[in-house]
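Welcome! Below are some short exercises, each with a worked solution. Take a look at the structure first, then try each task before reading on.

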There are 2 protein chains.
Amino acid sequence: MTEAFAATWQPLPPEAVRILPLGGLGEIGLNMMVVEYRDELLIIDCGLMFPEPHMPGIDLVIPDISCLEDHTHRIRGLVLTHGHEDHIGAVPFLLRKLGFPTVYGSPLTLGLLRHRLAEHDLLGLAELVEVAPRQALELGAFHVELFRVTHSIVDGLGLAIRTHMGWIVHTGDFKLDQTPVDNQPTDLVRLAAYGEEGVLLLLSDSTNVEKKGFTLSEREVATAFGEIMPQARGLVVVATFSSNIHRIQQVVQAAVACGRKVVITGRSMEANTRIARELGYLKIPDDVLIDVRQARDLPRHRVAMLTTGSQGEPQSCLVRMSRDEFKQLPLEKGDTVILSSKFIPGNEKAINRLINHLYRRGSEVFYETTSEVHVSGHASQGELKMVLSLVRPDYFVPIHGEYRHLVKHAELARGMGVAGECIEVLEDGYPLCVSADGLVREPRLETGRVLVDGRGVGDVGHMELRDRRHVANHGLVVVMLTVSTSDGSILYGPELLTRGFVAEEETDLLEAARSQLWETLEEIAPETSGERETLEVEVRKCLRRFFNRSVERRPLILPIILEQ
Amino acid sequence: MTEAFAATWQPLPPEAVRILPLGGLGEIGLNMMVVEYRDELLIIDCGLMFPEPHMPGIDLVIPDISCLEDHTHRIRGLVLTHGHEDHIGAVPFLLRKLGFPTVYGSPLTLGLLRHRLAEHDLLGLAELVEVAPRQALELGAFHVELFRVTHSIVDGLGLAIRTHMGWIVHTGDFKLDQTPVDNQPTDLVRLAAYGEEGVLLLLSDSTNVEKKGFTLSEREVATAFGEIMPQARGLVVVATFSSNIHRIQQVVQAAVACGRKVVITGRSMEANTRIARELGYLKIPDDVLIDVRQARDLPRHRVAMLTTGSQGEPQSCLVRMSRDEFKQLPLEKGDTVILSSKFIPGNEKAINRLINHLYRRGSEVFYETTSEVHVSGHASQGELKMVLSLVRPDYFVPIHGEYRHLVKHAELARGMGVAGECIEVLEDGYPLCVSADGLVREPRLETGRVLVDGRGVGDVGHMELRDRRHVANHGLVVVMLTVSTSDGSILYGPELLTRGFVAEEETDLLEAARSQLWETLEEIAPETSGERETLEVEVRKCLRRFFNRSVERRPLILPIILEQ
């Protein structure tokens, strides 16, 4: 399945432009793209993704940017489309490696980024420049214009980059919300204008390409809140993504409308609402906000809580409430909980467990699959088609999606009249040259994913993950043995120590394994003459066979052999 | 969260009946229920469930039946409602412990069970008795009548048990399919008759209680197959659950209708189709079936493959095809793959990966979220209401569902006019007494879940799972040390060996840890005088602190200290 990487970055053919996705084309998240023009580089987004099930213990995944190492002097800037973690989350880890390019983004995007950079003690080192919709940036060879897009976070931007062959339009993550909460819809006027002037290449968000029609407006959620909240007899808890400022605004409005004060809990919810209020994106009168202690003193039907934990995160306030472990403000029978969020694939089991526990507390629970308490932030087929018909690009590359989303977005574009040879289903690591001659996909560069575990970046690799999975699935048997260097005889052991393999009471099994191993070692002692490596191989072989036969398990066997 | 268990099984009050769920009330799967009447016991179903994400390496989960241990002489029979694993899968593990009660089931149910029992060398020991719909069984004090129900497996049954207070009706898993493929609908006539005679207690399937309206008929899937298959230019692969005989029948009919031969792959698909054909439930003319070699020799548009792997199971034929590792009949560009199955919660990531790989092979893929290629086997709200209005029970206990499903089914019954005090949201392990005085929930008995790993049943417990998860999340550090028994001085080591912790190249980190540990041990040597347990504690404490500070990780630390 794997493929050799091309050696190096090729010189850009004259009069061409190149794009190189480092993440986000083949997965949801990890978004990062390099644009090369006239020997200069521009980077769009620098996001992370959350680990997959086969990466136990990993906290985050960030793009591998080693192919940029010798090219940082050519980077003219890093433009962030919006403030979601999968677009800005890798900045603190990669800014130094990128040579501290100037970072451009809207005020909220940079506000959220500043918070992250401060956590990494990088605030003083980063140069951040605020940009606004319809603003133009001259970054070396790049003339970049920014345009407003609506998304599940406010202050989202798309990019238009001027080349001598026409515009490159990058949508960022978007939907065409005609009635956004802040009345700032996606700038269809600019998109139409680029289309008229001539668009060389469209890069468009593929996340929701499997959804027919049009994504509902963010404002629709208010209807559901407006029905649920006034009828609720007890406390109302709303869990949502802490970056969804408009959602938060709507929760607050619904709460105020039925005479409830609002208490905010959860680290990221507290941080993001603070940032958004300071920057003027979120309007909450001071007298509406209360703390948990004040909430406890009010009648329950006078309080709404805003919090995180909608994905069933074990440490979150909501999960602790569901397990009756949040003593500051415990749930009571008759309370209402709204999960105003998507069930992110991979989290369903944890979310289900959360919901069941909430029902055990006697709460009424509203969630995506049973109520209209969430809308997506990504464009459905109707919106994707509208962007294609406004922009009418010469070439089209679907971005931001798993492989099947990219394929389906390509099919959708073909259905809109874009010729097959003008569409490329591109994946991470493949540079694509765009010139008057058409699209040329170049050999793959060395890119991939870097794992972050605690403070370590990249020090846990595939070998370590393999061992982790091995022990997770089969447990571990450590074998201790001291042998004589003179004649290979066993001076101590073999002693067996297990973890995660069988319960301690299973002494018979381990005793049988020990005897079997002893016999084997005695038998082969003359041949091995106590040679450590040979002995290790034999210990592994013997126990592997024994445990496979006796219990059909394959624990990780770790022989520790001392010589004396 | 945990609760003390009641000591023992209480004597049954006179003129009462008791039910005791051992599984399935609080989870999807693991279905097993005991009914006690006039000092005798009847068991309904004996199913397994598949492990949850926090149970790495576990193959299966079965009910804990230790509370039945002293009561096996009172068991008058085990009645199986249908042949799904979550209703029959624990029989091979528990039949002996239950004292080999006679097992009753429909021909297909017993056919599938026989296959499982044979794998466990239990076929000769089990007494299996075939039963038919509308048949009555006299099992000690129990007069049991069986009635036909439709479900995603053929030959499903519900039970009616006669008591002096009225009937107990147990629906099994069901839907009200009005046009089932075998023209054998759920026996509403009998349900109505029981309702007329008087139903004491209804136990009804809650799995789909969150779905509005009526579940579509199994026959609807044929429409989708009939559209997709004739248009497919290449090979068509259909993956479905191997127990869904009607689905398989419809796939075969659609294939034959467009001139395709059928090749069956996958161990359980091969076994189940063989059993179902032998028993007459599945009709496939011999000349339709071909093997893989013959399939390779035919034009691709003349072949349909039936297989498993719709949940993204790594060893399945379909997943190997998607990774281009199934050399017998590789997928080619333009082939069609239909996942005719539900995305079971917890499997989404694996299924997504499968679908993406299939697109990489150039296949067109149809699946539940984008096409009408699957219908559920469980009753939606409309059907649940219909059963409630036919049966009009005195008391109602929702069964087969997670906690929230049970609560919602209870609410639905209340909405149908069943009084609140006549409904009990019961969970596994709680006995419920039903008598003229009403419902009495009794203290919890010792029940739970037993983990099966390889050939071991119950020898991996919570401690072992905790260790597995610990190593999976943080890796492992083994510390070797030889100390002198005379003065506690270090004779050898400390040496550090890691697995799944950091890459081997990270020698600096491990060297720093080693020095830190050496210093600590030297310092405390006089106090510990080489005492093994004290040293172990100190090694753990020192390294835990060191790694937490340096890389913010908490590996499992395993000190191995030899004394000399």
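**Exercise 1. A pair within one helix**

Does Lys541(A) count as buried, partly exposed or exposed, and what is its relative accessibility?

Solution. Keep in mind that this is a predicted model.
- Step 1: The relative accessibility of Lys541(A) is 42%.
- Step 2: Buried means under 20% and exposed means over 50%, with partly exposed in between, so Lys541(A) counts as partly exposed.
- Step 3: Now turn to the partner. Lys541(A) forms a salt bridge with Glu538(A), and their closest N and O atoms are 3.7 Å apart.
- Step 4: Glu538(A) has a relative accessibility of 18% and counts as buried.
- Step 5: Both residues belong to helix α15 (residues 532-551) of chain A; they are 3 residues apart, which means that about one helical turn separates them.

**Exercise 2. A pair from distant parts of the chain**

Find the residue that forms a salt bridge with Glu52(A), and say where each partner sits.

Solution.
- Step 1: The partner is Arg449(A), with 3.0 Å between the closest N and O atoms.
- Step 2: Glu52(A) is in the loop between β4 (40-44) and β5 (60-63) of chain A, while Arg449(A) is in strand β24 (residues 449-453) of chain A.
- Step 3: The two are 397 residues apart, and the pair links distant parts of the chain.
- Step 4: Compare their surroundings. Glu52(A) is buried at a relative accessible area of 14%, whereas Arg449(A) is partly exposed at 32%.

**Exercise 3. A buried pair in chain B**

Asp453(B) forms a salt bridge with which residue? Work out whether each partner is buried or exposed.

Solution.
- Step 1: Asp453(B) pairs with Arg468(B), and the closest N and O atoms are 2.7 Å apart.
- Step 2: Asp453(B) lies in strand β24 (residues 449-453) of chain B and Arg468(B) in helix α13 (residues 462-474) of chain B, so the salt bridge ties together parts 15 residues apart in sequence.
- Step 3: Asp453(B) is buried, with a relative accessible area of 2%.
- Step 4: Arg468(B) is buried too, with a relative accessible area of 1%.

**Exercise 4. From pairs to a network**

How many salt bridges does a search of the whole structure find? Name the residues of a salt-bridge network in chain A.

Solution.
- Step 1: Over all chains, the search finds 68 salt bridges.
- Step 2: In chain A, salt bridges link Arg18(A), Glu36(A), Asp39(A), Arg74(A) and Glu442(A) in a network.

**Exercise 5. Charge on the surface**

Which residues gather in a patch of negative charge, and where is Glu506(A) found?

Solution.
- Step 1: The surface patch is formed by Glu504(A), Glu505(A), Glu506(A) and Asp508(A).
- Step 2: Glu506(A) is found in the loop between β27 (490-499) and α14 (507-528) of chain A.
- Step 3: With a relative accessible area of 30%, Glu506(A) is partly exposed.

**Exercise 6. The whole of chain A**

Describe how chain A is divided and what extent its C-alpha atoms have.

Solution.
- Step 1: The domains are domain 1 (16-213 + 376-453), domain 2 (219-366) and domain 3 (462-563).
- Step 2: The centres of domain 1 and domain 3 of chain A are separated by 52 Å, taken over C-alpha atoms.
- Step 3: Along the principal axes, the C-alpha atoms of chain A fill a box of roughly 85 × 70 × 45 Å.
- Step 4: Chain A has 15 helices and 28 strands, and 61% of its 564 residues count as buried.

Methods:
Residues numbered from 1 in each chain as written. Chains lettered and ligands numbered in written order. Predicted model: local features only at pLDDT ≥ 70, side-chain atom pairs only at ≥ 80, totals over all residues. Heavy atoms only, no water. Patch = residues over 30% accessible without salt bridge, like charges linked within 9 Å, V, L, I, M, F, W, Y side chains within 5 Å. Areas by Shrake-Rupley, 256 points an atom, 1.4 Å probe, with all protein chains shown as cover. Salt bridge = Lys/Arg side-chain N within 4 Å of Asp/Glu carboxyl O. Lys, Arg positive; Asp, Glu negative; His and termini not counted. Charge placed at Lys NZ, Arg CZ, Asp CG, Glu CD. Helix = DSSP H or I, 4+ residues; strand = E, 2+ residues; numbered from the N terminus. Buried < 20%, exposed > 50% of the residue type's maximum accessible area, 1.4 Å probe, protein only. Domains from an automatic or database assignment.
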